[in-house]
Amino acid sequence: MDSAVAQKTWELENNILAAEAPDPSSDSIFHYDEVAQAKFLKDKPWANDPHFFKRVKISALALLKMVVHARSGGTIEVMGLMQGKTDGDAIIVMDAFALPVEGTETRVNAQADAYEYMVDYSQTNKQAGRLENVVGWYHSHPGYGCWLSGIDVSTQMLNQQFQEPFLAVVIDPTRTVSAGKVDIGAFRTYPEGYKPPDDHTSEYQTIPLNKIEDFGVHCKQYYALNITYFKSSLDSHLLDLLWNKYWVNTLSSSPLLGNGDYVAGQISDLAEKLEQAENQLIHSRIGPLGTSRKKEESQLAKITRDSSKITVEQVHGLMSQVLKNILFNSVGQQNRNEQPVSDPMIEA
Amino acid sequence: MASSSSSGLTFKLHPLVIVNISDHYTRVKSQMNPPPPTSATSNSNNSNGGENNQSPPRVYGCVIGVQRGRTVEIFNSFELLYDPSTHSLDRSFLEKKQELYKKVFPNFYVLGWYSTGNDAEESDMHIHKALMDVNESPVYVLLNPAINHAQKDLPVTIYESELHVIDGIPQLIFVRSSYTIETVEAERISVDHVAHLKPSGGSAATQLAAQLTGIHSAIKMLNSRIRVLHQYLVGMQKGDLPCENALLRQVSSLLRRLPATESEKFQDDFLTEYNDTLLVTYLATFTNCSSTMNDLVDKFNTAYDRHSRRGGRTAFI
């Protein structure tokens, strides 16, 4: 199949690992080795190195559950816990479950209700054969990107003091749907007073104006971990077959319509940022050349990058609409071929 | 035991359920057959050794979702405990789990149960009947975990129970029902993400390639399905295959649905959307231009300012 060849070429070009299909022996990641885990917990190799954990492996199931839960919250932040284990310098997330708590941006800890839920759920899970422990928490930032806010940072620092090993994951369901790829970030905070040795810049993302202060103040207090995904052999097999059924949804999805609000919000946010940048540009005239001039430039450059990103997403959405239009609406203009359609798409 | 259903209910299955069941099964299987230990000390609870292949375990669980009128939508699932001695599911466990899930997903309720295996068995009817007091007509979702690369269809079947009169005795038997896969946009993207391991980020070119590849595969699929139908119809026309009026009627009604929408209003809306996107593109290009312009001006100033500092010459606006 041409698409398979194209996909493989592209995967190679982009250095994607795990291009080979996992065989049943690689399902060993699903095995929970209690003895080894207990030993690891006793050793605590992370106590001396704040940067100990470098990678995160998320299972297909956990990712699916977290994204669906985050999306179901709409514009309200939702949160949940993740279960899994550790493996050297990697934290492995096997499963996730939602907590009945809403809008945790104003609360430092989940309430007692959620604790009870947590305990009950973990108990029932252990009975049903899921032996892993809680290794982290996730929550959603609908529409404003994957980073830790001030409250999140203090919650995570608390967690890392008492519940190690613990991981914080943030998901943005709105950007996921808008961009067509999963927007997720995994973080661990540095302990109080620790200065990170090198200033590695994380992947740039646009932050709305009303949140940018919160972001800036705390962005040095945590670091991002590298995320990879894994799935079992049965999962891969099922997912491949699933494609046979839901190619329909790929064609019929209409991102333009679903994200109208979000895009409008982004554009108005950009407009405000532009005004700010303009003020700064006007006020710094000849002045001392050097750093101050560079700052505004980079702000304007940032705005440009953001606007390009939004536009690209819009254009993608429009492309699929145009394609659908050509496929299903221009039949009358072609010659009369008897070409039956297996599944009619309805223009949204 | 598995004839086709006549209840008229349509089933919609979410991929999350499938991945859930698969994960449950893989977990239980790997706990039973632990991988050979890599370190020198072997685990004490290793009763099977490394390579012992037991018969694949059957796992059981419950599926939850919503039923609206004639449509049954299965959203999620969770595991249940099975008691092999009494051939029944642990009731209190079910209720406890139900409560927990009710707190987070208040709209969902128990729709049925699931299991893994090749085909529905007699003992399954027992469990099915037990669940009937939770939901009058539960569904039974069966996943076949045997990986068979030759098969093209999802190894998931949905059974309902129906009262049939066999040999004069009314009995409940399982009947197969058809289902469709239903996803929300977010689900589709994350399934896509994990299935094809697409790279996140990257330049605009790779993103474009990603988007187009996805649509291309979908259209290719559509094309191949159309071809199959076409061949079938040609065969029928030639007389090689028996004429099936029901199918012909379906094809004809589908054909009549094309073009999908042709109203005036649609054209207007479509063009408006098109223009909006073009406007956004224009704005972005504009911003890009002004940013480049600004850079140019600054560089110019840096390069030429020194020569003309005196005379009160100001920079460009």
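Leaving aside its neighbours within four places in sequence, which residues is A:Trp147 in contact with? Let's start there and work outwards. This is a predicted model, in which local features need pLDDT of at least 70, side-chain atom pairs count only at pLDDT 80 or more, and totals for chains, interfaces and linings use all residues. Residues are numbered from 1 along each chain as its sequence is written, chains are lettered from A and ligands numbered from 1 in the order in which they are written, and side-chain values use heavy atoms, with hydrogens and water left out.

Now to the tryptophan. A:Trp147 is in contact (heavy atoms within 4.5 Å) with A:His141, A:Asp152, A:Val170, A:Phe187, A:Gln205, A:Ile207, A:Lys211, A:Asp214, A:Phe215 and A:Tyr222, once its neighbours within four places in sequence are set aside. You will find A:Trp147 in the loop between strand 4 (133–140) and helix 5 (150–162) of chain A; helices (H or I, at least four residues) and strands (E, at least two) are DSSP runs, numbered from the N terminus. With a relative accessible area of 1%, A:Trp147 is buried, where buried means under 20% relative accessible area, exposed over 50% and partly exposed in between (1.4 Å probe, protein chains only). Its side chain also reaches the backbone oxygen of A:Tyr144 at 2.7 Å.

Two of those contacts, A:Phe187 and A:Tyr222, form a ring pair of their own. Rings of Phe, Tyr and Trp (its six-membered ring) pair if their centres lie within 6.5 Å; planes under 30 degrees apart count as stacked, over 60 as edge-to-face and the rest as tilted. Across all chains, the whole structure has 21 aromatic pairs. In the pair of A:Phe187 and A:Tyr222, the centres are 5.2 Å apart and the planes stand at 75 degrees, so the pair is edge-to-face. The pair links distant parts of the chain, 35 residues apart, with A:Phe187 in strand 6 (residues 184–189) and A:Tyr222 in strand 7 (residues 222–230) of chain A. A:Phe187 is buried at 6% relative accessibility, and A:Tyr222 is buried at 8%.

Chain B offers a stacked pair: B:Phe75 and B:Phe108 lie 4.7 Å centre to centre, with 15 degrees between the planes. Because B:Phe75 lies in strand 4 (residues 71–79) and B:Phe108 in the loop between helix 2 and strand 7 (109–116) of chain B, the pair ties together parts that are 33 residues apart in sequence. Ring pairs link both residues into a cluster with A:Phe97, A:Tyr117, A:Tyr121, B:Phe78, B:Tyr101 and B:Phe105.

Some of these names return in the largest cavity, which has a volume of about 130 Å³. Of the 14 residues that line this cavity, the closest to its centre are A:Lys65, A:Phe97, A:Ala98, B:Asn76 and B:Phe105. A cavity is a set of points on a 1 Å grid over the protein atoms alone where a 1.4 Å probe fits but cannot get out, and lining residues have an atom within 4 Å of a point. The lining divides into 11 nonpolar, two polar and one charged.

Finally, A:Thr250 lies in helix 8 (residues 233–252) of chain A and is buried at 11% relative accessibility. Beyond its neighbours within four places in sequence, A:Thr250 is in contact with A:Trp243, B:Arg188, B:Gly214 and B:Ala218.

Methods
1 Å grid on protein atoms, 1.4 Å probe; cavity = no way out; pocket = protein on both sides within 12 Å on 5 of 7 lines; lining within 4 Å. Points joined across faces, edges and corners; volume = space filled by probe spheres on them. Nonpolar A, V, L, I, M, F, W, Y, C, P; charged D, E, K, R; others polar. Polar contact = N/O pair within 3.5 Å; in protein donor to acceptor, adjacent residues only side chain to side chain.
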